[in-house]
Amino acid sequence: MGTPSPLVAAVLILLVVVVSLQGDAAATHHHHHYPLGPEKVTTLHFYLHDTLGGKDPRAVLVAHGAKATPRSGDPTPFSSVFAADDVLTEGPQRTSRVVGSAQGLYVATGKDGPLSLVMGMDFELTDYEQGSSFVVYSRNPVAVDRRELAVVGGRGAFRMARGFALLRTHYLDTGNGDAIIEYNVTLLHH
């Protein structure tokens, strides 16, 4: 057998270079593998206390559009943006055992119709390892008696959470906006 032709030699050299470059590229990209374990289902039940009035409000107006004017019975006019650090309790009474907090923002988005909010809230629960929370980002048609919000993520014990939260208004003060909302949450997580 004779020596390989220059074309075959060039193809072999090119193949060696490509394989070598792919090995170098793989060495520079570290793929971290996070073992997630089996998927779990967790159901949660609690009450959120959204307090806009009084001496110690837990939700505060931080911005609004130039034409946002409160209407009678509507303390959250269209374009109002609130920052919230709401208390979560086991029962509907504010004196019930505190089970966590919900922090985030909500925006009044119902311009002409009934009150509607878009919420981005992180729900951290004290009965789980520190730093465990799930995130809701969804439209909340407040005037509807029973409504469903999307769970879009989580961390800690609720890593990679997805699911839904079923809400029911337990109490609403249309004068100052204070509300107590019952949450029934179903999470799929690792």
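Visitor: What makes the side chains of His49 and Thr89 a polar contact?

Guide: Their distance is 2.8 Å. A polar contact is a pair of N or O atoms within 3.5 Å; within protein, one atom must be able to donate a hydrogen and the other to accept it, and residues adjacent in sequence count only if both atoms are side-chain atoms. The 2.8 Å between the side chains of His49 and Thr89 lies within that limit of 3.5 Å, and the pair is therefore called a polar contact. The model is predicted: local features need pLDDT of at least 70 and side-chain atom pairs count only at pLDDT 80 or more, whereas totals for chains, interfaces and linings use all residues. Residues are numbered from 1 along each chain as its sequence is written, and side-chain values use heavy atoms, with hydrogens and water left out.

Visitor: Why is His49 called buried?

Guide: The relative accessible area of His49 is 4%. Buried means under 20%, exposed over 50% and partly exposed in between, with a 1.4 Å probe and protein chains only. A value of 4% is under 20%, so His49 is buried. His49 belongs to strand S1 (residues 40–50), strands being DSSP runs of E with at least two residues and helices runs of H or I with at least four, numbered from the N terminus. Leaving aside residues up to four places away in sequence, His49 touches several residues, among them Asp86, Thr89, Arg94 and Ile180; contact here means heavy atoms within 4.5 Å.

Visitor: What makes Arg94 partly exposed?

Guide: Arg94 has 45% relative accessibility, which falls between the limits for buried and exposed, so Arg94 counts as partly exposed. Arg94 sits in the loop between S3 and S4 and touches His49, Val87 and Thr89, residues up to four places away in sequence not being counted. From Leu48, Arg94 is 46 residues away in sequence, and their C-alpha atoms are 9.3 Å apart.

Visitor: How do you know that the rings of Phe82 and Tyr106 are stacked?

Guide: Rings of Phe, Tyr and Trp (its six-membered ring) pair if their centres lie within 6.5 Å; planes under 30 degrees apart count as stacked, over 60 as edge-to-face and the rest as tilted. The count by this rule is seven aromatic pairs. For Phe82 and Tyr106 the centres are 5.3 Å apart and the planes stand at 20 degrees, so the pair is stacked. The two rings link distant parts of the chain, with Phe82 in strand S3 (residues 81–89) and Tyr106 in strand S4, 24 residues apart. Phe82 counts as buried at 4% relative accessibility, and Tyr106 is buried with a relative accessible area of 4%.

Visitor: Why is the pair of Phe123 and Tyr183 called tilted?

Guide: The rings of Phe123 and Tyr183 lie 5.2 Å centre to centre, with 50 degrees between the planes. That angle is neither under 30 nor over 60 degrees, so the pair is tilted. Phe123 lies in strand S5 (residues 117–125) and Tyr183 in strand S9 (residues 179–189), so the pair ties together parts that are 60 residues apart in sequence. Phe123 and Tyr183 are both buried. Ring pairs join them with Phe46, Tyr128, Phe134 and Phe158 in a cluster.

Visitor: What makes Arg162 and Glu39 a salt bridge?

Guide: A salt bridge is a side-chain nitrogen of Lys or Arg within 4 Å of a carboxyl oxygen of Asp or Glu. In Arg162 and Glu39 the closest N and O atoms are 2.6 Å apart, so the pair meets that limit. Arg162 lies in strand S8 (residues 162–172) and Glu39 in the loop between helix H1 (6–28) and S1, so the pair ties together parts that are 123 residues apart in sequence. Both residues count as partly exposed, Arg162 at 40% relative accessibility and Glu39 at 41%. The structure holds seven salt bridges.

Visitor: How do you know that Glu90, Arg97 and Asp127 belong to one network?

Guide: Glu90 forms a salt bridge with Arg97, whose closest N and O atoms are 3.3 Å apart. Arg97 also meets Asp127 in a salt bridge at 3.0 Å, N to O. Arg97 lies in the loop between S3 and S4 and Asp127 in the loop between S5 and strand S6 (133–140), so this pair ties together parts that are 30 residues apart in sequence. Salt bridges that share partners join Glu90, Arg97 and Asp127 into one network.
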